[in-house]
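Open the model in your viewer and keep the selection tool at hand. The stops below say what to pick and what you will find there.

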Amino acid sequence: SIPTCGDNNPCPSDTPCCSQYGQCGVGAYCLGGCNPRYSYDLQSCVAAPVCQSADYKLTSLNDVQPNTQYLGDSSQANWVSSGTPVVYNNDAILLTMAPSTVGTLLMSTHYVWYGQISATMTTSQGAGVVTAFIMMSDVQDEIDFEFVGVDLETAQSNYYFQGITDYNNEKNLSVSNTVQNTHNYTIDWQPDSLTWSIDGVALRTLNRNDTYNTTTQQYHYPQSPSRIQLSLWPAGLQSNGEGTVAWAGGLVDWNSPYMQNGYYYAMVTEVKVQCYDPPVGFSNNFGSKAYYYDNSYGTNDTVAIGDNSTELASFYATGDDPKVNPNAAASGTKTSAAATMSATPETVPGVSGGGAAGIGGTDSSGNAQGGNSGSGANSAQGSQSTAGGGGSTSFQQGGGSSGTSQAPPKLAAGSAVALLGFFVACLLL
């Protein structure tokens, strides 16, 4: 029984960090995706590394660390993975989705608080198969490019403010075959406007002033530091909501000809980030290393920048007690935090506990994609393998490689023709 969190239901002190799946834990629960609004206190979630302008060539896994190993040191990796990313021909990374898995997710270790973010990629194809390139904040502000595998000529653009469902936010953008053709998808996110572009052509612009909600008296506009997320996941599972399955074009066929080497896949070759300055009037600048919140409202004016540490000493540590390391304790003793734990806490969202590792956004019917709010697939499925922290378990993904704690096999160059042929037909949200 994993403690849950949400409105008027914060996490308890012994598992203080509320994950994006609405569950409480320690360790990785307190890193990227930790929601300060529903955690035990504002310090429970570790501060997030600030934006870094860069051109990321996704040609190897040298810059990728599994979420069962990453403890917040962004100097060691620019990307965190769950599931099994696979290197393709030293030219790209494949997001894979094998039977009995929830796909693959790549998450940036550095956050973006306004900027221009682009991904060069192809998608997957098939009923129930979804590819996504999104920005997701810890308080569930969200900006999406989503691709449903039964419609290869459409990129869905969408946005959310703190996970609040609004059926009018989604807009379809026309694009040529997203599997056969490699496209560049760009999000230009500024304090007052948000533009979605494909191959350098602006196709949609949202103005912040047009998002004012008279009921809440707030601008329902994405406005908080966000991670880049690239994902491939099975929206078409029987365990998902009826609306989600319908939106995804039906149930996933795990014997589909669109699969190769035992899995569905989407291909990402490059991600570019150009950071913008904080918004006009920003006054909470106390350093330069990390974003954090000084108020549980989670809005633009509650974000601060400081020299806070972004790292944990172990998967039992939290933002409240970041130096907890059971392995370093003297013989016969325990750290204060470990001593208060009545049971082994959950340490890796979607792997050691409930929730899921492969995530997208929120569908056009307003259904959270298998998660409790915002985004997330339904449950980590498949065989178990050792993961980092407290006997946590992972799941099997991608052509038989097991667990997120192992580097997946590199595809043989001879598979290129078959893979590219399949990608011509692929489309994912």
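**Stop 1: the strand with the annotated positions**

This is a predicted model. Begin by selecting residues 142-148, which form strand β12. Glu-142 is found in this strand. Glu-146 is found in β12 too. Why pick these two? UniProt, in an unreviewed entry, places the feature "active site" at Glu-142 and Glu-146.

Turn on a surface and check each one. Is Glu-142 buried or exposed? Its relative accessibility is 0%, so Glu-142 counts as buried. Glu-146 is buried as well, because its relative accessible area is 0% and the cut-off for buried is under 20%.

**Stop 2: the whole protein**

Zoom out and colour by secondary structure. The protein has three helices and 23 strands. Now colour by burial. Of the 429 residues, 59% are buried. The exposed area is about 15900 Å², and carbon and sulfur atoms supply 44% of that area.

Consider contacts along the chain next. Take those with a separation of 6 or more: 67% of them join residues 24 or more positions apart.

**Stop 3: the nonpolar cores**

Select Phe-133, Phe-145, Leu-230 and Val-271. They belong to the largest nonpolar core, which has 52 residues, and these four touch the most other members. Which strand gives this core its largest share? Strand β21, residues 264-275, supplies four residues.

Stay on Val-271 and show its surroundings. Leave out neighbours within four places in sequence. Val-271 is then in contact with Ala-54, Asp-55, Tyr-56, Leu-58 and Trp-79, among others. The list also includes Ser-118, Ala-119, Ile-228 and Leu-230.

Then move to Cys-34, Leu-105, Tyr-316 and Val-348. These are among the 19 residues of a second, separate core.

**Stop 4: a hairpin**

Select β7, residues 85-88. Show the side chains. Pro-85 and Val-87 point one way, Val-86 and Tyr-88 the other way. All of these are buried. Why this pattern? In a regular strand the side chains alternate between the two faces of the sheet.

Add β8, residues 92-97. β7 and β8 pair in the antiparallel sense over four bridges. For one point on the pairing, pick Tyr-88: it stands opposite Ala-92 in β8. Three residues lie between the two strands of this hairpin. Click on Asn-89 in the turn, which has a positive phi of about 55 degrees.

**Stop 5: a three-stranded open sheet**

Which strands build the next sheet, and in what order? The order is β3-β22-β23, with antiparallel pairing, and the sheet is open. The edge strands are β3 (48-49) and β23 (303-306), each pairing on one side only.

Focus on β22, residues 290-293. Four bridges join it to β23, and the two run antiparallel. Pick Tyr-292: its bridge partner in β23 is Ala-304.

**Stop 6: the loop between β22 and β23**

Follow the chain into the loop between β22 and β23, where Asn-295 lies. Asn-295 has 27% relative accessibility, so it counts as partly exposed. Its side chain reaches the backbone nitrogen of Tyr-297 at 2.9 Å. Beyond its neighbours within four places in sequence, Asn-295 is in contact with Leu-42 and Thr-302.

Now add Arg-37. Asn-295 and Arg-37 are 258 residues apart along the chain, yet their C-alpha atoms are separated by 8.4 Å.

**Stop 7: from Arg-37 to Gln-162**

Keep Arg-37 selected and add Gln-162. A polar contact of 3.3 Å joins their side chains. Where does Gln-162 sit? Its place is in the loop between β13 (154-160) and β14 (171-174). With 11% relative accessibility, Gln-162 counts as buried.

Show the rest of its contacts, again without neighbours within four places in sequence. They include Val-139, Gln-140 and Asp-141. Tyr-297, Gly-298 and Thr-299 are among them too. Tyr-297 links back to the previous stop, where its backbone nitrogen met the side chain of Asn-295.

**Stop 8: a helix residue**

Finish at helix α1, residues 242-247, and select Trp-247 there. At 9% relative accessibility, Trp-247 counts as buried. Then pick Val-150: the C-alpha atoms of Trp-247 and Val-150 are separated by 9.8 Å, with their places 97 residues apart along the chain.

How values were computed
Residues are numbered from 1 along each chain as its sequence is written. This is a predicted model: local features need pLDDT of at least 70, side-chain atom pairs count only at pLDDT 80 or more; totals for chains, interfaces and linings use all residues. Side-chain values use heavy atoms; hydrogens and water are left out. A nonpolar core is a set of buried Ala, Val, Leu, Ile, Met, Phe, Trp, Tyr and Cys residues joined through side-chain atoms within 4.5 Å. Buried means under 20% relative accessible area, exposed over 50%, partly exposed in between (1.4 Å probe, protein chains only). Contact means heavy atoms within 4.5 Å. Two strands pair if DSSP finds at least two bridges between them. UniProt positions are given in the numbering used here, feature names are shortened, and annotations may be inferred rather than shown by experiment. Accessible areas come from the Shrake-Rupley method with a 1.4 Å probe; for residues, only the protein chains shown count as cover. A polar contact is a pair of N or O atoms within 3.5 Å; within protein, one must be able to donate a hydrogen and the other to accept it, and residues adjacent in sequence count only if both atoms are side-chain atoms.
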